[in-house]
Amino acid sequence: MKEKIKKIMEKYPAKVFKNRKEHVLVVNKCEAPQMIMADARTIPGIITERGCTYAGCKGVVVGPLKDTVAITHGPIGCGYYSWLTRRNRARNNEGEGYNFLTYCFSTDMQEKDIIFGGENKLKQAIGEAVEIFKPRSIMICATCPVGLIGDDINAVANWAEKEFDTQVIAFSCEGYKGVSQSAGHHIANNGLFKHVIGTGDEPVGEYSVNILGEYNIGGDGWEIERLLKTVGYHIISIMSGDGSVERLRNAHKAHLNLVQCHRSTNYTAELLRAQYGTDWLKINFLGIESTVQSLRDIAKYFGDRKLIDRTEALIAEELAIIQPEMEKYRKLCQGKTAALFVGGSRANHFQGPFKELGMETVLAGFEFAHRDDYEGREVIPFIKENADNKNIENIVVGPDRERYRLVLSREKYEQLNKEMSLNYFKGMIKIMDDGSIVVDDINHYEIESFMKLLKPDVFGSGIKEKYVIHKMGTLSKQLHSYDYSGPFAGFRGAVIFARDVAMGLTTPAWRLIKPKWKTGPTLEGDFIREVV
């Protein structure tokens, strides 16, 4: 397999070959620990599948918060593209009077604003938002032109707070600021931690938790909430699907943080641990086995016999309902293969659901992961800082003298840490089978090459890759927004996922599509020299 991958990479010029070969590996547990290059700049000219820093801040973390007016300061295209394209669902719960997710707020910068500056236009937009919607908070998310022309959005935010007596938070998340949307996650986490988390003082219930890194795609978050509330947990806040700024203010009061997407919210999880003493637990509610394990780990953390009994009763009840349906779909999917290239955690999370259908994952990779997402958090001390990382503020906090508290004794913590992954994520490589391939920051050429080499029956991907894969006669399952389906989380979500995959695999449409490389010779050549 390594020789076949080398042949794919040899098509590149020498400098590109040297770079890209570090982003691909074949899993071999005998060679553990295996290292992969990640969170590095995409090579200019390569058609990457990544998004920008603005997309990570506004589109992923800040945008789903329903009770804030998130204004995109920039051209209209940036605001429009980040407007509900990930299908973050939200509803007005009791006592929550604001839900602005159906609106797209943008300053719509034009050429004259680029030349003469856009600060006055931003002030006008904030004034109009306050007059029309009367929000409790406003977020300003900067795009590339704002950083290039030097608009001072922080000064505008300070002015607006005094002028309108409304909290206004500025995020300098210009698209070019990092190598991918991951930088935007970090910027958003920093801003919310500094200006929102810890500012509330609402009373919390017993067994209180935050759900971090859950974005309620297709209703995933609602299904997770249903399970947790049935067992008896009090959910303080969700960051950030169907979440709110007002609920997030009390996040520091939770007894435990549940981290679904490690990449996008591990910053907040670690900051809450450092300042308030709150442990975090890496959970995964995608797939039946992982849902069961997550529920059991949460109950085990609190150690209450009633919680444990209710957890086991819920698991038994849910499994009894879904097993007949799952068996029907498993028969249709058994023996098929899957490839995954999704986000910063989903390529990890969805391997379980495919395995439960009898399918093997032959390739997996992330768009914007760091090395710890692949190799585990133990590599963090050895990751070299680069110029792009230095663009993002690294917040360091110490224990809050008045509000720091530990839920577990030292003895209990050490005992549980042997039984579950407290404050730790083991990464994706460790869960993959020998011989499977890991690719970081894959591009169009590599997608086509690995499709020809591995011939997976389904490719779990994002929207940019979807139609290239379809044209090759293979099902592409959109796992960023679920192709207007979902939820896929929890027990009931596992059935919906199984149904969608089975329908996609058995549709006769794929027999009617023949890519050119299947029907005739393709033009091939060798790289001779690089013209400077």
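In this predicted model, Thr-72 has a partner on each side. It stands opposite Cys-141 in β4, and Thr-72 also stands opposite Ser-106 in β3. Strand β2, residues 69–73, pairs with β4, residues 137–142, in the parallel sense over 5 bridges. Towards β3, residues 105–106, the strand β2 is joined by 2 bridges, and these two strands run parallel as well. Continuing across the sheet, Cys-141 stands opposite Phe-171 in β5, and β4 and β5 pair in the parallel sense over 5 bridges. Taken together, 4 strands form an open sheet in the order β3-β2-β4-β5, with parallel pairing. Its edge strands are β3 and β5, each of which pairs on one side only.

Burial within this sheet can be followed strand by strand. Strand β2 is mostly covered, with 5 of its 5 residues buried. As a general point, side chains in a regular strand alternate between the two faces of the sheet. In β2, Val-69, Ile-71 and His-73 point one way while Ala-70 and Thr-72 point the other way, and all are buried. Strand β5, residues 167–171, is largely enclosed by the rest of the structure, because 5 of its 5 residues are buried. From β5, Gln-167, Ile-169 and Phe-171 point one way and Val-168 and Ala-170 the other way, and again all are buried.

Helix α3, residues 53–62, is mostly covered too, with 9 of its 10 residues buried. The buried residues of α3 are Thr-53, Tyr-54, Gly-56, Cys-57, Lys-58, Gly-59, Val-60, Val-61 and Val-62. Lys-58 appears again where empty space is considered. The structure holds 3 cavities of 30 Å³ or more, and the largest cavity has a volume of about 180 Å³. Of the 18 residues that line the largest cavity, Lys-58, Gly-63, Ser-82, Leu-101 and Tyr-103 are the closest to its centre.

Open space was examined in the same spirit. The largest pocket has a volume of about 1,100 Å³. Its lining comprises 35 residues, of which His-186, His-370, Ile-380, Ile-383 and Asn-389 lie nearest the centre of the pocket. The elements that give two or more residues to this lining are α9 (181–195), α12 (262–276) and α17 (371–375). Among these, α12 gives the most, with 6 residues.

Turning to the surface, a nonpolar patch of about 660 Å² is made by Ile-114, Ile-115, Phe-116, Leu-148, Ile-149 and Tyr-176. Two elements, α5 (111–116) and α7 (144–149), give two or more residues to the patch. Helix α5 gives the most, with 3 residues. Leu-148 has its place in helix α7. This leucine has a relative accessibility of 66%, so Leu-148 counts as exposed.

A link between distant parts of the chain involves Tyr-445, which has its place in helix α19, residues 444–454. The C-alpha atoms of Tyr-445 and Ile-47 are separated by 7.9 Å, although the two residues are 398 residues apart along the chain. Tyr-445 has a relative accessible area of 29% and is therefore partly exposed.

Finally, a few backbone details deserve a look. Most residues other than glycine have a negative phi, and most peptide bonds are trans. Against that background, the peptide bond from Ala-32 to Pro-33 is cis, with omega near 0 degrees. Pro-33 is found in the loop between β1 (24–26) and α3. The peptide bond from Gly-486 to Pro-487 is also cis, with omega near 0 degrees, and Pro-487 is found in the loop between β14 (475–478) and α21 (490–506).

Positive phi values occur at Asp-108 and Asn-423, each a residue other than glycine. For Asp-108, phi is near 50 degrees, and the residue is found in the loop between β3 and α5. With 30% relative accessibility, Asp-108 counts as partly exposed. For Asn-423, phi is near 55 degrees; this asparagine is found in the loop between α18 (410–417) and β12 (437–439). Asn-423 has a relative accessible area of 8% and so is buried.

How values were computed:
Residues numbered from 1 in each chain as written. Predicted model: local features only at pLDDT ≥ 70, side-chain atom pairs only at ≥ 80, totals over all residues. Heavy atoms only, no water. Patch = residues over 30% accessible without salt bridge, like charges linked within 9 Å, V, L, I, M, F, W, Y side chains within 5 Å. Areas by Shrake-Rupley, 256 points an atom, 1.4 Å probe, with all protein chains shown as cover. Salt bridge = Lys/Arg side-chain N within 4 Å of Asp/Glu carboxyl O. Buried < 20%, exposed > 50% of the residue type's maximum accessible area, 1.4 Å probe, protein only. Pairing = 2+ DSSP bridges. 1 Å grid on protein atoms, 1.4 Å probe; cavity = no way out; pocket = protein on both sides within 12 Å on 5 of 7 lines; lining within 4 Å. Points joined across faces, edges and corners; volume = space filled by probe spheres on them.
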